[in-house]
Amino acid sequence: MNKAGISQRKSAFLWLAMLAAVVTAANLWKPYHLDDTAHLLIAQWIAENPLRPMSGILNWIGVDEPIHRTNQPHLFFYLMAGWGRLFGWSEPAQHALLALFSIACIALTYRLARGLVPEHALWVTALVVLSPAFVVSQNMMVDVPLLACWLWFFAALMGPASRRSGIGPYLSAALAASCAVLIKYSSLALLPILAFVILWDRRWRALPVVLLPVAVLGAWSVFNLADYGGVHILQRGGGSSDLLRPAKFAIAWVLILGGVTPLGLAWAASHPRFRRIGVLAASLAATALAAVAALVALSLLSDEAADLFLWGLFAVNGSLGLAAVVAGALAVLPGLRTRIGDQGDTRDRLILLLWIAGGAGFYILLAPFSAVRHLLTVLPAIVLLACLGMRAGLGPRTKRAALAASALLSAGIATADFRFAWFYKTQAARIAADLQASGLAQDRTIWTSGHWGWQWYANQAGFRQIDYRTSRPQPGDLFIEAVGVDRQFPKDRLALEPLRSVVQSSSRASLFCTARPIRFYLSGSRYGPWSLSMDCRQRIDIYRVR
């Protein structure tokens, strides 16, 4: 390799290392949040009972029930358990484990991009990694580890390295799919993709590798039988009977795409046919967003009016993002008809299409809800396919503007989400100390309802999670309800005397709000993945049982 090539490699490595440092710092000290608590409790059980991972008890829907009632398989939780035994259960310790997967995502995204769009490889990687879909979704949930396995799978099947003879690339992809299936069952969508690619390549001898993930899932199911007497994957619920739900989820996905990446407007600004109007539209969108954010921050515009504006912005940007994907995919058609170039550009674009269709199709048709983290597994494919369609017209100004928009958006959303989680961490310990100092907790049980991160910190503070079937609070006991999180206990079952409420202070740091109610983690067709609000606050109510 000549000096220029070595210099380029060093420069790319430095930029990738900087990306890794930024996303790691954004999550390392973040309090536990959303489903983190359930995963931590499962991992702690596994650490003590590795041969009976699903036989423990978890209170996650208001009642104590076996862990096998939860949705996810346990590979990542085993990793958390081993890591926890070595390094502990603090936020920095566990988030360091997650950071390893984040770094793997960065490296694999760059590898894919370098093979498909080498001139834009760093930009593609940064646009994916600096998106709030990646930065904010790290937490201790399974989505970033899942993305790492999906990227491993597609990196094995795409690019020049995948075209060498032998079954090596397909075996690597099968190993990746096996790991992915044991992290989240939605990864079963990878199996038909693997089979299709092998058939497309006419590598008949490689077909048996498709059975590897099936065998791994079968072994896991046998392990389930030995553990608790059932097969976990068969307990998963199916899709809804609501015939309109797929359409609603499809709209929600467009809004999520438009709310977490400026890809659509970047495509419009780089398209040769309407570049001028695209640049104008992108500039107007950025100016209008800044103006609306300022008006909301100054309490001169209502949250409802801001929501209406954001819905339109997300819908337009998301629709343009889908148009970019379609434009990138159109080049597949000639190759499909003639089979010319089936080991090159046509093949790779077809795999990207299958990636998007498999990942999006599962969540739109079968998932119980839509969320930003569900888009994450297909976001690299969306950006790559769109980039293939606009690579010739993608100029440095457009690239810089898109990265700046993505980074600023992530900074605002990540800050608000950090405050969302931080409130419950700090208040659990503070309320416990105040109740002890006041004498209200003297010889009394302090019950609590509400999970997510609050449940983890409430347990640490000595509060008891209430089970609405078996718990029997006594007169004089205290009952604490975290109002802003999921609460499964119907408090009207108790005669309660309100004592006081703890309300989070309003702050412009939470302007890009993820908590009205939890749009970033539960999105819909009527609103986007985040909102602009000065009322992005949480509340905890404290009662005494009469």
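Guide: Helices here are DSSP runs of H or I with at least four residues, strands are runs of E with at least two, and both are numbered from the N terminus. By that rule P517 is found in the loop between β7 (512-513) and β8 (531-532). This is a predicted model, in which local features need pLDDT of at least 70, side-chain atom pairs count only at pLDDT 80 or more, and totals for chains, interfaces and linings use all residues. Residues are numbered from 1 along each chain as its sequence is written, and side-chain values use heavy atoms, with hydrogens and water left out.

Visitor: What is the geometry of the peptide bond from R516 to P517?

Guide: The bond that leads from R516 into P517 is cis, and its omega is near -15°.

Visitor: What makes the contact of E91 and K425 a salt bridge?

Guide: The term asks for a side-chain nitrogen of Lys or Arg within 4 Å of a carboxyl oxygen of Asp or Glu. The side chains of E91 and K425 meet at 3.0 Å, N to O, and therefore satisfy that rule. E91 belongs to helix α4 (residues 91-116) and K425 to helix α19 (residues 396-438), so this pair ties together parts that are 334 residues apart in sequence.

Visitor: Why is E91 called buried, and what is K425 called?

Guide: Buried means under 20% relative accessible area, exposed means over 50%, and partly exposed lies in between (1.4 Å probe, protein chains only). E91 has a relative accessible area of 10% and is therefore buried, whereas K425, with 24%, is partly exposed.

Visitor: How do you know that R347 and D348 form a salt bridge, and why are both called buried?

Guide: Their side chains meet at 3.7 Å, N to O, which counts as a salt bridge. R347 has a relative accessible area of 1% and so is buried, and D348, at 3%, is buried as well.

Visitor: Which labels apply to D541 and R539?

Guide: These two side chains also meet in a salt bridge, at 2.9 Å from N to O. D541 counts as buried because its relative accessibility is 4%, but R539, at 36%, counts as partly exposed.

Visitor: How many salt bridges does the rule give, and which residues are linked in a network?

Guide: The count comes to 17 salt bridges, and a network of them links D35, D143, K184 and R373.

Visitor: What makes the phi values of L34 and S299 worth listing?

Guide: Phi of L34 is near 45°, a positive value in a residue other than glycine, and S299 has a positive phi of about 60° although it is not a glycine. L34 lies in the loop between α1 and α2 (36-48), while S299 lies in the loop between α13 and α14.

Visitor: Are these residues buried or exposed?

Guide: L34, with a relative accessible area of 4%, is therefore buried, whereas S299 reaches 59% and is therefore exposed.

Visitor: Why is S302 called partly exposed, and where is it placed?

Guide: Its relative accessible area is 36%, so S302 is partly exposed, and its place is in the loop between α13 (275-297) and α14 (303-329). From C-alpha to C-alpha, S302 and W220 are 52 Å apart in space, with their positions 82 residues apart in sequence.

Visitor: Why does M18 count as partly exposed?

Guide: M18, which lies in helix α1 (residues 3-28), counts as partly exposed because its relative accessibility is 47%.
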